[in-house]
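Morning, everyone. I have one structure to walk through, so let's put it on the screen.

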Amino acid sequence: MSFAGKVKEELLGQMGKARHCQLAELAAFFAVCGQIYMNEEGECQVKFVTENLTVAKKCYMLVKRVFHIVPDVSVSGHHQYSLFLLEDEDARDFMKAIRVQEYSPFSVECIGQKACCNRAFLRGIFLTSGSVTDPNSGYHLDMLLGFWRLWVFLELRQKR
Ligand SMILES: [Zn+2]
């Protein structure tokens with residue numbers, strides 16, 4: 001396993017004890033790999049798609065812990081993991097908790113001002129998009145994000 005893989009395995013076991021921190025990490029997962037679907041009847045579903053098994057596992061654990069619901073899981077293609085909140089009520093509870101609406105861009109407002117939540121959010125961003133090399137071979141940390149997702153990240157930094 002790569003050094004970054006080991007770090008991510010370690011981060012899998014680190015979870016904020018407070019609900020606000022758990023939500024902040026879930027918000028990071030949603031910001032990077034979450035989607036909202038709405039059918040013609042106006043019923044919502046939330047979906048997370050990732051190729052990272054660690055992210056899929058942690059997302060599953062957090063949804064169970066925070067919302068007391070078990071997400072539907074499917075694996076397709078080459079290690080593509082999908083987690084679904086299929087029930088409209090569950091999807092809306094989730095959206096309300098991280099303060100996201102159907103047609104609005106994701107906002108970091110859900111994270112609040114607490115340092116603990118910022119840490120949890122960054123942990124989630126790192127798990128989904130980050131890489132780090134072994135410090136013994138020259139320290140290097142990357143987080144690769146798409147344009148608007150990068151904006152979310154930068155906005156968070158400006159709030160500090
Ligand atoms: Zn917190």
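Start with the contacts. Take those between residues at least 6 apart in sequence: 65% of them join residues at least 24 apart. Keep in mind that this is a predicted model.

Now the layout. The chain has six helices and six strands. Reading from the N terminus, the order is α-α-β-β-α-β-β-α-α-β-β-α. There are 160 residues in the chain, and 31% of them count as buried.

On to the core. Which residues of the largest nonpolar core touch the most other members? That core has 32 residues, and the answer is Ala24, Leu26, Ala27, Ala28, Phe29 and Cys59. Several elements feed into this core. At least two residues each come from α2, β2 (44–50), α3 (53–67), β4 (80–85), α4 (88–97) and α5. Helix α2 gives the largest share, 11 residues.

So let's look at α2 and its partner. Helix α2 covers residues 19–33, and helix α5 covers residues 115–129. They pack at an angle of about 35°, and their axes are 7 Å apart. The crossing of α2 and α5 is right-handed.

Who makes that contact? From α2, we have His20, Cys21, Ala24, Glu25, Ala27, Ala28, Phe29, Val32 and Cys33. From α5, we have Cys116, Cys117, Ala120, Phe121, Arg123, Gly124, Ile125, Thr128 and Ser129. By type, the α2–α5 contact has 12 nonpolar residues, four polar and two charged. A general reminder on helix geometry here. Residues three or four places apart point the same way, because an α-helix has 3.6 residues a turn.

Stay with α5 for a moment. Its length is 15 residues, and from first C-alpha to last it reaches 21 Å. That is close to the 21 Å expected at 1.5 Å a residue. Its buried residues are Cys117, Ala120, Phe121, Arg123, Gly124, Ile125, Leu127, Thr128 and Ser129. Arg123 is on that buried list, and Arg123 is also one of the residues in the contact with α2.

Next, α3. This helix also has 15 residues, with a reach of 21 Å between its first and last C-alpha. Again, that is close to the expected 21 Å at 1.5 Å a residue. The buried set in α3 is Val55, Ala56, Lys58, Cys59, Leu62 and Val63. Note the lysine, Lys58, in that set. What do the buried residues of α3 pack against? They pack against α1 (3–12), α2, β2, β4 and α5.

Now one residue in strand β2: Val46. Is Val46 buried or exposed? It counts as buried, because it has 24 C-beta neighbours inside 10 Å, and the cut-off for buried is 20 or more. Set aside the neighbours within four places in sequence. Val46 is then in contact with Gly34, Ile36, Leu85, Ala91, Phe94 and Met95. One more pair for Val46. Phe84 is 38 residues away in sequence, yet the two C-alpha atoms are 5.7 Å apart in space.

Let's move to the exposed positions. Two histidines deserve a look at their backbone. His68 comes just after α3, in the loop between α3 and β3 (72–76). It has a positive phi of about 55°, although it is not a glycine. Why does His68 count as exposed? Because it has 9 C-beta neighbours inside 10 Å, and exposed means 12 or fewer.

The second is His79, in the loop between β3 and β4. Its phi is positive too, about 55°, and again the residue is not a glycine. His79 is exposed, with 11 other C-beta atoms within 10 Å.

Last stop, Ser76 and Gly77. Ser76 is in strand β3. It is exposed, with 9 other C-beta atoms within 10 Å. Gly77 sits in the loop between β3 and β4. Gly77 is exposed as well, with 7 other C-beta atoms within 10 Å. Now bring in Glu51. Ser76 and Glu51 are 25 residues apart in sequence, and their C-alpha atoms are 9.7 Å apart. For Gly77 and Glu51, the separation is 26 residues along the chain and 9.7 Å between C-alpha atoms.

To close, back to the core: α2 supplies its largest share, 11 residues, and α2 crosses α5 with a right-handed sense. That's my slot. Questions, please.

Notes
Residues are numbered from 1 along each chain as its sequence is written. This is a predicted model: local features need pLDDT of at least 70, side-chain atom pairs count only at pLDDT 80 or more; totals for chains, interfaces and linings use all residues. Axes are lines fitted to C-alpha atoms, for helices over the stretch in contact, and angles run from 0 to 180 degrees between N-to-C directions. Helices (H or I, at least four residues) and strands (E, at least two) are DSSP runs, numbered from the N terminus. A crossing is left-handed if the near helix is turned anticlockwise from the far one by less than a right angle, and right-handed if clockwise. Two residues are in contact if their C-beta atoms, placed from the backbone, lie within 7 Å. Ala, Val, Leu, Ile, Met, Phe, Trp, Tyr, Cys and Pro count as nonpolar, Asp, Glu, Lys and Arg as charged, and the others, Gly among them, as polar. A nonpolar core is a set of buried Ala, Val, Leu, Ile, Met, Phe, Trp, Tyr and Cys residues joined through C-beta atoms within 7 Å. The expected span of a helix is 1.5 Å times one less than its number of residues.
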